[in-house]
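Let's walk through this model together, one question at a time. Have the sequence and the 3D view at hand.

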Amino acid sequence: MTDSLKYQIALSLIKGIGPKLARNIIAYIGSVEEFFAKKKLPLEKVPGIGSITASMLNSINKKELLNSVEEEINFVVKHDIKTLYFLDDNYPRRLSLCDDAPLILYVKGDLDLDSPRIVSIVGTRRATEYGMTYCEKFIGELAKNYPDTIIVSGLAYGIDAAAHRGAFRYSLPTVAVLAHGLDRIYPPAHSNLAREMLYKGAVLTEFMTKTTPDRQNFIKRNRIIAGLADAVIVAESAKKGGALITARIANSYNREVFTFPGRINDDFSQGCNNLIKTNQAHLLESVEDFAYIMGWETKSTQNKVEPPILFQPESDEEKALMDILLVEKEMNVNLLAQKCELTISKTCATLLGLEFRGFVKCSPGGLYKLRY
C-alpha cells in the first residue's frame, strides 16, 4: 500500500500537468506504477500533451521525486490519515464525475462521502446576523426532514463556520474542505471546530503537509466543495467573493445552486440576488423549495412496474435511466447519473435522445420524468 501511495502522491506533485492531463497519462500508460517504472514513455501520443510537455515529463528525475514524498508518507501513516486515489473504489463518486477532480485526497475522520444526500453551504466571511440565522434555520429544517444529510463547507469565518456549527447543533455530520495540508488548521481559531468534526464528520484536503493557505489554494478548494455535493447553497455574499466562484463551478458541474434572497440595498445580499437575477441559482425560501427541485420528496414504496411495450431501449444507458425513472417517478440529472454510474455528459445525451423520442420530459426545476 505504501509503495502505491508513494507513486500516487508523486504523480500529483509533477509541475506542468494538472488532474486532467494526469488522468489522460494514466489511462494511456495503464497505471501510475508503470509511469514511474519506465524512463522514457511515448507521452506525446497522450491527448492534451504535446512534444514539449512530453519531453519535460520524460526528463523528470523520477527517483528524486519519489524520495521527496517519504516525509508525507510517514505523516499519513503516523496520523492515521486515509488517502483516496481517483481510481480507488472509495473515491467520492460525485467528485469523480468532475474532470478536474483531485488525483488524491487526504482525509481525517470517518464518513461515507457517497452518502445519499450531501449539501454544500458557503458564503461570506463577514456574515450578518440575517445570513447566519437563515443558514441555521435551513439546516434545522433539513435535519428534521432528511436526517441523513451531510453538510459540506470550508471552515472559514462567517457562513462556513455557521454551517458546520448548525450541523453539530442538529446532529448532522459535516465535512470541512481545507485549502492547506492536514498539519495545520486555518484559521487557527477553528481548531476546536475541526477536532469536533473527527467524531461526526471529517476534514479533507488535496494538499500535502507544509502547504500554506495561499489565495490560489482556496479557489482550488472551492471546486471540491462543489464537486462533493448534490447541491450548493450560497447563504450570503457580496458582489464578489469565493462563494460566487463556488457557485459558478457548481453550475459547470451541473449541480443545482440555491441562494437565500436578501434586501436589495444590503451589501452581503447583492451577490445572492445577482445569482437569482442571472438565473445562476434557485431562490431558496424553505426546505420544501429545496426538496422539490432536488427531487427529494418522500417516495411511495410502490412495486416497480414494467415499461410500456412500445419502449425499446437503444442502449444499456437508456434502459438503466428508464428503469430508475419508473421507480423514482422524477429525478434530476445529477442523481440519475449517480444511480446509473454514468458521467453527467453521457446522462444528458441519453436523456436528450429519450426526450426527442417522447419517452421522458423535463419539468420545472430540471426534474426528468416519464411521459406516460
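Q: How do the residues of the lining of the largest cavity divide into nonpolar, polar and charged?
A: This is a predicted model, where local features need pLDDT of at least 70, side-chain atom pairs count only at pLDDT 80 or more, and totals for chains, interfaces and linings use all residues. Residues are numbered from 1 along each chain as its sequence is written, and side-chain values use heavy atoms, with hydrogens and water left out. The lining consists of Tyr134, Lys137, Phe138, Glu141, Phe260, Glu285 and Ser286 (a cavity is a set of points on a 1 Å grid over the protein atoms alone where a 1.4 Å probe fits but cannot get out, and lining residues have an atom within 4 Å of a point). With Tyr and Phe counted as nonpolar, Glu and Lys as charged, and Ser as polar, the division is three nonpolar, one polar and three charged.

Q: How much space lies in the largest cavity?
A: The structure holds one cavity of 30 Å³ or more. Taking volume as the space filled by probe spheres set on the grid points, the value is about 50 Å³.

Q: Is strand 3 largely enclosed or open?
A: Strand 3 covers residues 118–123 (strands are DSSP runs of E, at least two residues, and helices of H or I, at least four, numbered from the N terminus). Ile118, Ser120 and Val122 on one side and Val119, Ile121 and Gly123 on the other are all buried, meaning under 20% relative accessible area with a 1.4 Å probe, protein chains only. Since six of the six residues are buried, strand 3 is largely enclosed.

Q: Which residue in strand 4 does valine 119 stand opposite?
A: Strand 3 pairs with strand 4 (residues 150–153) in the parallel sense over three bridges; pairing requires at least two bridges found by DSSP. Opposite valine 119 stands isoleucine 151.

Q: Which strands stand at the edges of the open sheet in the order 10-12-11?
A: Three strands form this sheet, with antiparallel pairing. Each edge strand has a single partner, so one side of it is left without a neighbour in the sheet. They are strand 10 (330–332) and strand 11 (360–363).

Q: What is the bridge partner of cysteine 362 in strand 12?
A: Strand 11 and strand 12 (residues 367–370) pair in the antiparallel sense over four bridges. Cysteine 362 has as its partner tyrosine 368.

Q: Which residues of helix 13 are buried?
A: Helix 13 spans residues 270–277. Strand 7 (231–236), helix 12 (242–252) and strand 8 (256–259) are among what covers its buried residues, where contact means heavy atoms within 4.5 Å. The buried residues are Gly271, Cys272, Asn273 and Leu275.

Notes
1 Å grid on protein atoms, 1.4 Å probe; cavity = no way out; pocket = protein on both sides within 12 Å on 5 of 7 lines; lining within 4 Å. Buried < 20%, exposed > 50% of the residue type's maximum accessible area, 1.4 Å probe, protein only.
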